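Work through these exercises with the coordinates open. Each task is followed by a stepwise solution.

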Amino acid sequence: MNLDAALAAFEDEARELLTDMESSLLSIEGGQAEAGAINAIFRAAHTIKGSSGMFGLDSVVAFTHHVESLMDDVRNGTTQLTTEMVSLLLKCGDHIGFLINEALGRVPRGETEAQRETVLLAGLAAFLGDAHAPADAPHANEAPAAGSGGPSQPAPTAPSGGDNDGFHVRVHFGTGVFGEGMDPLSFIRYLATLGTVHWVHSDLVELGTMETFDPEACYIRTELVISGKLDEDSIRAAFEFIEDQCDLTITPCVCALTTEPGSVPSATATEPAQAVTAAATPAAAAPPKPAAPAVPTAGAKAAAPAVPADSGAKADAKSADNKFLRVEADKLDQLINLIGELVIAGASSTLIANSLRSQEMMEATSNVSTLVEAIRDTALNLRMVQIGATFSRFQRVVRDLSQELGKEIDLQISGADTELDKSVVEKIADPLTHLVRNSLDHGIESRERRIEAGKSVVGILQLHAYHESGSIVIEVADDGGGLNLDKIKAKAIERGLITPNASLTPREIQNLIFEPGFSTADAVTNLSGRGVGMDVVRQNIQSLRGTIELDSELGVGTITRIRLPLTLAIIDGFLVGVGDGPTWCP
Amino acid sequence: MSLELTDGRVVWTLPSEVNIYSVAELKTSMNAALVQKRDVVCQMKQVEDFDGAGLQFLMAGREFAAQQNCGFAVSKPGPDVVDALQAMGLSNMIGE
């Protein structure tokens, strides 16, 4: 399996999970503290941590571990989710995004990021309490499980003994594990982050002879004893990615009484048990505080008891897996291109059939054309994605900017299920961001001004999408102060864009804001007002073969309306003017 | 990657990558090392990229050597290899 492709898939998944996490946090902040949202946040952190571990992205694992621990406490009911915690977790989500970029070598870690991480870890530690102090958990810059100590390092605190205090885990990896891009080593390393490993032993099963040995098939079987704040479900969850490809047995046990398994037939049966003596050492004899434990201590929060609390969500995830198939965009583009060629070839066949005046041939080509058109429409539909995901990201933008600006703003989204071409969705995000920021910064007035104007103190920003006449229309509307035409005209004259005696319609005056370098903002802020945005917004929209128009009324608000083609993939023809009449060129 | 006969033992030097992408290719050299029916010292000082498939490869080498009543030891492993061996409870493969 190509590692780059696997990393790209990991990154896609991680970004999606971070988006889900952010949406869930914002929905909780909006007063919808549902168990589903809390589970979704936990699941996002858990999955990102697990996947990162498989790729050895240790800094991501280490940081996400704390987020996962906090969310585990929240969903277990031991910690109440507060507004401050939501704010912290939103920032943690951003930082995880940075850590992924850093781990993939895209951005370096500067002092700012290091300080931010320290602050976030301190914040998480404050909510987690003493039991989860960062000193007991993997540090962001340290390998969580694969460090110098490894799982076989003596346990920092020995189990208390008596009743079952740990688990005997036996996992026989299936032969196809390597072929699926999975690595048993990563799973065992990840498992070690969940508690204290007292001993571990690995051997090969049904290896056969040197001649029949296939190095790319997996023969590994591993047994270990682990203890800590974990349960059978969290151990099972650690192997969820290969649950169909491994034989997993988990048995509760007394760690202090366990020894190297004698029942395992192995060529290495004489191998001394790793760290057995350490496991049997009384707690008092264990070092009180190891300098840098390579695995989280028993005090560190165990991760991922995903099954009981999450059983519904897990079922949903499984059904979603069955419902959707992730396909590389390049492959889809290739299919679309081929279908485009097929359409052209089909049209040629029709022309030939017409010229031959063969009734049977014409019927046959007509049937083929109908089918080709159906295939074309279906293929184009594959590229269509809902704009809701793009709209959703503005919840965070509006939240953060409204706090920064000291304004209360209610974001209203409608038409989120409206579909448009994926390439358009990707390119529309930046112009939309600019429009939203402009509305927040310049459109919607300050609290005092809104009170003076007799408006509600809560400003309204609407994002609306709908289909109209074969196009998709996206509206960004605010109930702010609207465009001041006199001010725009004066500014345009000052900038030399128009002459003082120019006679312009209100719409033409409004459109002046799309001129390069134009801004009516009285003050330049770090959000907008530098006049370098609206012209770029218009250029971006025009590059998508779209149009942008304004509908503004002073004191009432502004609607910015973007009209885009439904798809960029296949165009039936161009409508051109020839003489006085229109002509259609296929 | 090379094979040398030193002090009656086969010193089998592995390349920088011993992972899922290289183990199939390395199998030939493992056969060459083991066919001599001598103790094998697996020299790993050059190994930088090591994963579960590489680990299994070493375990298989030891198993096949044992089938011939020969010893098999890992020599001069780097930190990544040591970590991997420790994680899977195989530190005792490290010989000299």
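Two strands pair if DSSP finds at least two bridges between them. Helices (H or I, at least four residues) and strands (E, at least two) are DSSP runs, numbered from the N terminus. The model is predicted: local features need pLDDT of at least 70, side-chain atom pairs count only at pLDDT 80 or more, and totals for chains, interfaces and linings use all residues. Residues are numbered from 1 along each chain as its sequence is written, chains are lettered from A and ligands numbered from 1 in the order in which they are written, and side-chain values use heavy atoms, with hydrogens and water left out.

**Exercise 1. Describe the pairing of strand 12 and strand 13 of chain A, and the turn between them.**

Step 1. Take strand 12 (residues 574–578) and strand 13 (residues 581–585) of chain A. They pair in the antiparallel sense over 5 bridges.

Step 2. Find a facing pair. A:Val578 stands opposite A:Gly581.

Step 3. Inspect the turn. The two strands form a hairpin with 2 residues between them, and A:Gly579 in the turn has a positive phi of about 65°.

**Exercise 2. Lay out the open sheet of 5 strands in chain A.**

Step 1. Write the order: 6-8-9-11-10, with mixed pairing. Strands of a sheet pair through backbone hydrogen bonds, either parallel or antiparallel.

Step 2. Mark the edges. Strand 6 (408–414) and strand 10 of chain A each pair on one side only.

Step 3. Get the twist. Neighbouring strands are turned by 15° against each other on average, direction ignored. Axes here are lines fitted to C-alpha atoms, for helices over the stretch in contact, and angles run from 0 to 180 degrees between N-to-C directions.

Step 4. Add a covering helix. Helix 12 (residues 388–405) of chain A packs on the sheet and touches strand 6, strand 8 (458–468) and strand 9 of chain A. Contact means heavy atoms within 4.5 Å. The direction of helix 12 makes about 175° with that of strand 6 of chain A.

**Exercise 3. Characterise strand 11 of chain A: which partners does it have, and how much of it is buried?**

Step 1. Start with strand 9 (residues 471–478) of chain A. It pairs with strand 11 in the antiparallel sense over 8 bridges. A:Ile472 stands opposite A:Leu564, and A:Ile474 faces A:Ile562.

Step 2. Turn to strand 10 of chain A. It runs antiparallel to strand 11, joined by 7 bridges. A:Glu549 stands opposite A:Arg561.

Step 3. Check the connection. The hairpin of strand 10 and strand 11 has 3 residues between the strands, and A:Gly555 takes a positive phi near 85°.

Step 4. Count buried residues. Buried means under 20% relative accessible area, exposed over 50%, partly exposed in between (1.4 Å probe, protein chains only). In strand 11 of chain A, 7 of the 9 residues are buried, so the strand is largely enclosed by the rest of the structure.

**Exercise 4. Explain how helix 17 of chain A is packed.**

Step 1. List the buried residues of helix 17 (residues 534–543) of chain A: A:Met534, A:Asp535, A:Val537 and A:Ile541.

Step 2. Look down the axis. These residues fall within an arc of 160°, so they line one face of the helix. The arc is that of the directions from the helix axis to the C-beta atoms. An α-helix has 3.6 residues a turn, so residues three or four places apart point the same way.

Step 3. Name the partners. The buried residues pack against helix 13 (422–443), strand 10 (547–553) and strand 11 (557–565) of chain A. Helix 17 runs at about 135° to strand 10 of chain A.

Step 4. Take the helix pair. The axes of helix 13 and helix 17 of chain A come within 9 Å and cross at roughly 150°. Residues of helix 13 in this contact include A:Ile428 and A:Leu435, and those of helix 17 include A:Val537 and A:Ile541.

Step 5. Look past the end. Helix 17 of chain A is followed by A:Arg545, whose phi is positive, near 60°.

**Exercise 5. Lay out the open sheet of 4 strands in chain A, and find the chain B helix lying across it.**

Step 1. The order is 2-3-1-4, and the pairing is antiparallel. The edge strands are strand 2 (196–204) and strand 4 (246–253) of chain A.

Step 2. Strand 1 (residues 166–173) and strand 4 of chain A pair over 8 bridges. A:Val169 stands opposite A:Ile250.

Step 3. Helix 2 (residues 52–67) of chain B lies across strand 2 and strand 3 (220–227) of chain A, at about 60° to strand 2.
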